[in-house]
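This report covers selected helices, a chain contact and a few individual residues. Please keep the sequence and structure at hand while reading.

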Amino acid sequence: MLSFDYRGKSVLVTGAGRGLGFAMARAFLEAGARVFVNDRNAELVRAAIARLPPCDRLVPAPADLSTPDGAANAVAPALAAGELHVLINNAAVNVEKSIEETSDEHWDQHLAVVLGAPFFTAKAALPLLRVSRGCIINIASELGLHAIPNNIAYVSAKHGVLALTRALAIELAPSHIRVNALCPGTMDTELMRQCAQDSGDADAYYRSFRAYHPLGRLAAPEEIADFVLCLASPAAAFMTGSSIVIDGGSTAGRL
Amino acid sequence: MSLFADRHILVTGSTRGLGYAAALKFLEEAASVVIHGRNMKGVEATASALARQHPGRVRGIAADLADRKAQDHLAAESGEIDVLVNCAGVFRDQLLQHAGESDWRDMIEVNVTAPWRLSRALLPVMRRRQGVIVNVGSDAALLGYAGSAAYCASKGALAGLTRALATELAPEVRALCVCPGPIDTDMMRESVASHPDPAAARRLWESYPLLGRIADPAEIAEAILFAASPACTFQTGALIIVDGGATAGRRP
């Protein structure tokens with residue numbers, strides 16, 4: 001395993017309560033960073049921090065990112081600390097609905113959290129990132145590159161995230177701020193296990209997702225998190241505006 | 001020519017610019033067309049002028065697509081539609097540090113949410129009539145432009161919307177996204193005029209396409225017509241890039 005040194009660096013991870021967000025918070029913490037831990041309320045943030053080794057480098061940053069004010073609140077602890085090197089826009093919602101079942105409320109929530117939050121969180125963090133010559137990583141999805149049925153709001157928003165990433169990369173390049181997007185395939189998270197159970201036939205659910213990825217398995221959140229540490233490090237100093245695919249081959253073709 | 005005889009077409013944002021050029025060509029190909037614009041005066045002027053040349057085949061509906069009730073009104077009044085062309089769009093240049101909530105909301109609402117909500121509302125009719133949805137995207141879905149993050153995000157989302165519609169609605173309804181580069185429209189002229197050095201701003205836009213110029217709206221309308229036409233039988237979920245080569249590479 002590659003190791004990266006984040007001692008003296010500050011990182012904000014949105015949606016860090018569970019899944020990939022939690023794995024990234026843990027990985028940055030273990031690499032020496034101060035981690036601002038965001039999820040949508042104080043209780044979720046407290047629970048996430050309680051699952052990590054006790055450390056004064058963990059800072060709660062609870063905020064509901066579905067509004068621009070919420071995005072500013074998530075950045076507020078970093079502003080108070082006066083420092084931020086890495087912004088990870090990871091928070092998302094993803095509820096599968098057919099076109100006919102997709103309500104205005106469902107659409108608005110997905111567009112606000114998946115697409116609006118990265119924009120307004122980046123805006124709020126911009127003064128700090130200018131000073132640190134830092135970087136932004138938007139966690140998109142393979143569904144930013146292709147579509148599946150019954151996920152129209154999420155697919156639309158994730159495609160938007162990739163275009164947003166390119167525009168911000170071009171705009172912020174003169175300020176030496178890098179902006180990249182990561183497009184993971186399906187990960188084996190708590191959410192995934194819950195969905196599998198809810199489906200009534202967990203084995204069949206998992207089989208269908210494994211078959212979807214040519215490597216024949218789901219990703220572990222930890223292996224995506226390790227890659228994010230690389231992407232935020234000087235190892236990726238010449239990367240900006242990229243959409244990096246890490247999807248077990250699912251967008252490359254069909255088995 | 002009568003490529004669209006007996007076909008009913010709604011073109012949003014068709015009182016001027018690209019939408020107008022497309023509406024004109026649809027009418028020349030024998031279609032019935034609903035002209036749409038934000039204000040009644042503009043819609044009436046355009047619709048009555050077009051109706052003189054194409055009597056009985058032009059209707060006009062005014063609706064501010066930033067307003068959901070108006071979106072619903074447009075869908076309800078459009079009736080039996082075979083082809084929905086989502087052309088209305090909002091473009092506002094704004095650096096991230098100056099980005100305002102209302103500008104973001106307007107661009108997302110008009111550029112993505114209105115096409116989505118119109119598609120959803122017209123779906124029962126379009127499924128029955130083997131309809132086509134043509135979304136007018138932008139090369140900004142594929143190329144990042146400084147000062148246009150919200151616009152790029154909205155057009156990227158529109159490309160995603162197109163793919164998702166195509167995935168779920170095949171084979172009854174086709175959905176395509178025509179992605180133009182810079183076009184010589186009021187939208188472009190207003191953006192250029194608001195620049196501190198308009199001539200330089202225009203030269204910059206002209207420098208993006210390999211062809212070294214800004215498109216005439218009629219050139220992009222041709223692509224919209226093909227996408228919507230019965231001749232286009234095996235294309236769905238595609239981004240049809242009509243950008244003079246802007247996304248292909250850079251000129252020396």
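The text below goes from helix packing to the contact between chains, then to single residues.

The model is predicted.

**Helices of chain A**

Helix α2 of chain A spans residues 42-50, and its buried residues are A:Val45, A:Ala48 and A:Ile49. These residues lie on the same side of α2(A) because they cover an arc of only 95° around the axis. An α-helix has 3.6 residues a turn, so residues three or four places apart point the same way. The cover over the buried residues of α2(A) includes α1 (19-30), β2 (34-37) and β3 (58-60) of chain A. On the face turned away from the buried side, α2(A) carries the exposed residues A:Glu43 and A:Ala50.

Helix α8 of chain A, residues 221-231, has the buried residues A:Pro221, A:Ile224, A:Ala225, A:Phe227, A:Val228, A:Leu229 and A:Leu231. They pack against α1, β4 (86-89), β5, β6 and β7 (243-246) of chain A.

Helices α6 (residues 190-198) and α7 (residues 202-212) of chain A pack with their axes 7 Å apart, at an angle of about 125°. At that angle α6(A) is oblique to α7(A). Their crossing is right-handed. From α6(A) the contact uses A:Cys195, A:Ala196 and A:Gln197, and from α7(A) it uses A:Ala202, A:Tyr205 and A:Tyr206. By class, this contact of α6(A) with α7(A) has five nonpolar residues, one polar residue and no charged residues.

**Contact of chains A and B**

How many residues does each chain give to the contact? Chain A gives 34 residues and chain B gives 35 residues. On the side of chain A that touches chain B, the elements that give two or more residues are α4 (104-132) and α5 (152-172) of chain A. The largest share of that side, 16 residues, comes from α5(A). Sorted by class, the side of chain A that touches chain B has 21 nonpolar, nine polar and four charged residues.

**Single residues**

A:His146 sits in the loop between β5 (135-139) and α5 of chain A. Leaving out residues up to four places away in sequence, A:His146 touches A:Thr251 and B:Arg163. A:His146 and A:Ala124 are 22 residues apart in sequence, and their C-alpha atoms are 30 Å apart in space.

A:Cys183 belongs to strand β6 (residues 178-184) of chain A. Apart from neighbours within four places in sequence, the contacts of A:Cys183 include A:Ala140, A:Ser141, A:Glu142, A:Ser243, A:Ile244 and A:Val245. The C-alpha atoms of A:Cys183 and A:Ala16 are separated by 17 Å, with their positions 167 residues apart along the chain.

Two residues other than glycine have a positive phi. For A:His176, in the loop between α5 and β6 of chain A, phi is about 60°. For B:Asp6, in the segment before β1 (8-11) of chain B, phi is near 65°.

The table gives the burial of these residues.

| Residue | C-beta neighbours within 10 Å | Class |
|---|---|---|
| A:His146 | 18 neighbours | partly exposed |
| A:Cys183 | 24 neighbours | buried |
| A:His176 | 14 neighbours | partly exposed |
| B:Asp6 | 9 neighbours | exposed |

Chain B also has a cis peptide bond, which joins B:Ala170 and B:Pro171 with omega about 0°. B:Pro171 is in the loop between α5 (149-169) and β6 (174-180) of chain B.

Key:
Residues are numbered from 1 along each chain as its sequence is written. Chains are lettered from A and ligands numbered from 1 in the order in which they are written. This is a predicted model: local features need pLDDT of at least 70, side-chain atom pairs count only at pLDDT 80 or more; totals for chains, interfaces and linings use all residues. A residue is buried if 20 or more other C-beta atoms lie within 10 Å of its own, exposed if 12 or fewer, and partly exposed in between; C-beta atoms are placed from the backbone. Helices (H or I, at least four residues) and strands (E, at least two) are DSSP runs, numbered from the N terminus. The arc is that of the directions from the helix axis to the C-beta atoms. Two residues are in contact if their C-beta atoms, placed from the backbone, lie within 7 Å. Axes are lines fitted to C-alpha atoms, for helices over the stretch in contact, and angles run from 0 to 180 degrees between N-to-C directions. Angles under 35 degrees count as roughly parallel, over 145 as roughly antiparallel, 65 to 115 as roughly perpendicular and the rest as oblique. A crossing is left-handed if the near helix is turned anticlockwise from the far one by less than a right angle, and right-handed if clockwise. Ala, Val, Leu, Ile, Met, Phe, Trp, Tyr, Cys and Pro count as nonpolar, Asp, Glu, Lys and Arg as charged, and the others, Gly among them, as polar.
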